[in-house]
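Thank you for sending this one over; my comments follow as numbered points. I have kept to what can be read from the coordinates.

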Amino acid sequence: MAVVDSSLSKPLRGLLSKYTNVVKGWQYRWFVLYPDQGTVEYYEREELVNQKPRGAINLHCASVAPSEEDSVTFTIYAANGEVYKLRADNTKTRQLWVSRLMYVTQVSDSRKASTVSLETKGSAGSTTWSDAPAVRHSRKMSILKQKHRRSSVHSAVVAEENRALAEVKEYVNEVCTLEVKLAEKIESLPSHGDLINSLDQDMLLLKACSKATAGCLDSCLSILDQQHAAIARQSFKKNHLKSGAKVEWIINNKDKSETDVKLNGDNKMSHLDESSRLVAQSEIGFTQPLPMPAINHEDEVTDSDAAEEKDLGEMEQHKTIILHLLSQLKLGMDLTKVVLPTFILEKRSLLEMFADCMAHPDTFLRIADMTDPRARMTQVVEWYLASFHEGRKGSLAKKPYNPIIGETFHCSWDVSGENGNQASRMLYVAEQVSHHPPVSAFHITCPEKQIHMTGSLWTKSKFMGMSIGVTLIGNLRLFLPEYKEEYVLTLPSAYARSILTYPWVELGDKCSIACKQTGYSASIIFHTKPFYGGKLHRVSGDIKCPDGTIYTKISGTWNGAMEFSSQAGVYVIDTQTLPVHKKKVRPLSKQGEYESRNLWRHVTNALRLNDISTATEHKSLLEGKQREEEKHRKDKGLPFPTKYFQRSGEISSWVYKGQSSSSKAN
């Protein structure tokens, strides 16, 4: 018989670090190991050992694993699924605790096995042939326990990760809530006076730091959430789907709460756990998109609401802009989630701004009238270069409203026929289809001319010291079904210059227009103004044949006159003399809840009255509601139900639901 060291049966006491959660990290706790009871108890401090322990670990069927990453950490996997990460002060202490814990788990398991074995013995105290089934059953139970223990370890790890992530979300949400309250308190202070006011430099710096910190935490949480969702998706596919299986969602119309998953025919999983169901739903979505609401363009009337933006005010108000920007911005900072001062906003949504770029619909529709591919490419370039200047309301650089997810904007243009042709109507529909990133999708069509264009864009802004750079990510796709042609167009970046004095806008980038079917292409360069000298808003470009030879050169200014020169001659397009067609919009009284002008009407009215406080209040209400709804969908793993567009591949690629496949180029 082996001799057992009596010291192993004595309690072991000592100070260890216990990993609590992601936020609080490692915390010192006083641990006591009771070998006779097969348990470990821990207390907040050594002096509290006579009181109720903070926690206890049952070592029966538990496993102990030293960490491979360092020499001081080890983990206890309890049979109930709990995971305890512990850390000793040094290697020797860890070895002592691991050895003692392993001994106690073995002794505890042996005692339990002995109990089972004794129950299988006969009254004579010896095992007979009739007892053999009970012995075999005991062995089977032992094997099952080992398998259960391994499964419990994996489940415990997943449970711990879910619990930790949920706790982190609570802390981050609490931080964001406190940051908003702090900003509100600062903004509620008087705007002037000898005492501390809302424009005090220290107050503005405090507001900026808290905003940046909350934003960083929110970004980190998003990254953690994405990584966790990716791991969950892999786990779902590994545990529930066979190789090559396809997933199809079946919705029970009688009971929307029951959602089944059908796997390749008859295999059916109707009782998936909630987390797996939501993960699969968010990844795959529903096979049948929501029906597209009808758009009534008959109620539209000529727009009388558009007006140029006024100046920001006197120099004293310019100082306010400077202070607000200083309180929120730093060099190279991404401005996507930065709340800019309300009084630098335009009185229109970004969705409407894209529509205003179509102020020359006759130039756009003329593309479909061209009879040869070279002429069509030239006309595409002419319309493209003439579209930018009408997108700005005046020379002052102001920012349109960031559309709320689900927001829509509809309008149309009536274009009289040229050379005896019948009049045409061009229709426009836009929708904000994503919150992060903020993707805006729009579709332009003219059934009479058989011309369509779809765009899905999102902006990324960056603070550059005395400027703000805005990059448009995405592209435009113009379709001519009659000729089976598709033109892909990229867009330039915009720069708001001299933001601390009198802000103005210029465009800068190298853009392209290409038609794969014909081989014709164009390269356009929007030149930014050099530091010394140079001309504002300069543009140059080339239009090329399929073999790469240049047949037309372009030069001029995108908001003025542009010269097109080729072997056939030279002609000039002056954007200042082109006829502007006013869009037709439904009256405010007939617009839906989420149509742009109706949605932002309170903000717009307050800005017209120069009531910045009221405008800021209504703007905050809209954005707060959007954040709450987005959080709810994110927690439930539900995609946003778009009305007019559906995603096609990448997050920035969306197609119009009403566009049939026959209208696209082959």
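1. Contact is used here for heavy atoms within 4.5 Å of each other. With that cut-off, and leaving aside its neighbours within four places in sequence, Tyr428 is in contact with His297, Leu351, Phe354, Ala355, Phe409, His410, Cys411, Trp413, Phe442, His443 and Ile444. Please bear in mind throughout that this is a predicted model.

2. Tyr428 also belongs to the largest nonpolar core, which has 54 residues, and is listed there with Phe364, Val381, Tyr384, Leu385 and Phe526 among those with the most contacts inside that core. Helix α8, residues 373–386, supplies the largest share of this core, namely six residues. A second core of 20 residues is separate, and includes Leu16, Phe74, Leu86 and Ala88.

3. How many of the 14 residues of α8 are buried? The count is 11, so the helix is largely enclosed by the rest of the structure. The buried residues are Arg376, Met377, Thr378, Gln379, Val380, Val381, Glu382, Trp383, Tyr384, Leu385 and Ala386, a list in which charged and polar side chains such as Arg376, Gln379 and Glu382 appear alongside Val380 and Leu385.

4. The geometry of α8 can be checked against its length: at 1.5 Å a residue, its 14 residues should span 20 Å, and the C-alpha atoms at its ends are 20 Å apart, which agrees. At the N-terminal end, Asp372 acts as a cap, with a side-chain oxygen 3.2 Å from the backbone nitrogen of Arg374.

5. Thr575 is placed in the loop between β26 (569–574) and β27 (584–585). Is this loop residue buried or exposed? Its relative accessibility is 1%, and because buried means under 20%, Thr575 counts as buried. Not counting residues up to four places away in sequence, Thr575 touches Ala386, His389, Trp558, Asn559, Gly560 and Met562; one of these, Ala386, is itself a buried residue of α8.

6. Elsewhere, seven strands form an open sheet with antiparallel pairing, in the order β4-β3-β2-β1-β7-β6-β5. The edges are taken by β4 (55–58) and β5 (63–66), each of which has a single partner strand, so one side of each is left without a neighbour in the sheet. From one strand to the next, the twist averages 35°.

7. At the β4 edge, the partner is β3 (residues 39–43), which runs antiparallel to β4 and is joined to it by four bridges. Within this pair, Glu41 stands opposite Ala56 in β4. As background, strands of a sheet pair through backbone hydrogen bonds, either parallel or antiparallel.

Methods:
Residues are numbered from 1 along each chain as its sequence is written. This is a predicted model: local features need pLDDT of at least 70, side-chain atom pairs count only at pLDDT 80 or more; totals for chains, interfaces and linings use all residues. Side-chain values use heavy atoms; hydrogens and water are left out. Two strands pair if DSSP finds at least two bridges between them. Helices (H or I, at least four residues) and strands (E, at least two) are DSSP runs, numbered from the N terminus. Axes are lines fitted to C-alpha atoms, for helices over the stretch in contact, and angles run from 0 to 180 degrees between N-to-C directions. A nonpolar core is a set of buried Ala, Val, Leu, Ile, Met, Phe, Trp, Tyr and Cys residues joined through side-chain atoms within 4.5 Å. Buried means under 20% relative accessible area, exposed over 50%, partly exposed in between (1.4 Å probe, protein chains only). The expected span of a helix is 1.5 Å times one less than its number of residues. A polar contact is a pair of N or O atoms within 3.5 Å; within protein, one must be able to donate a hydrogen and the other to accept it, and residues adjacent in sequence count only if both atoms are side-chain atoms.
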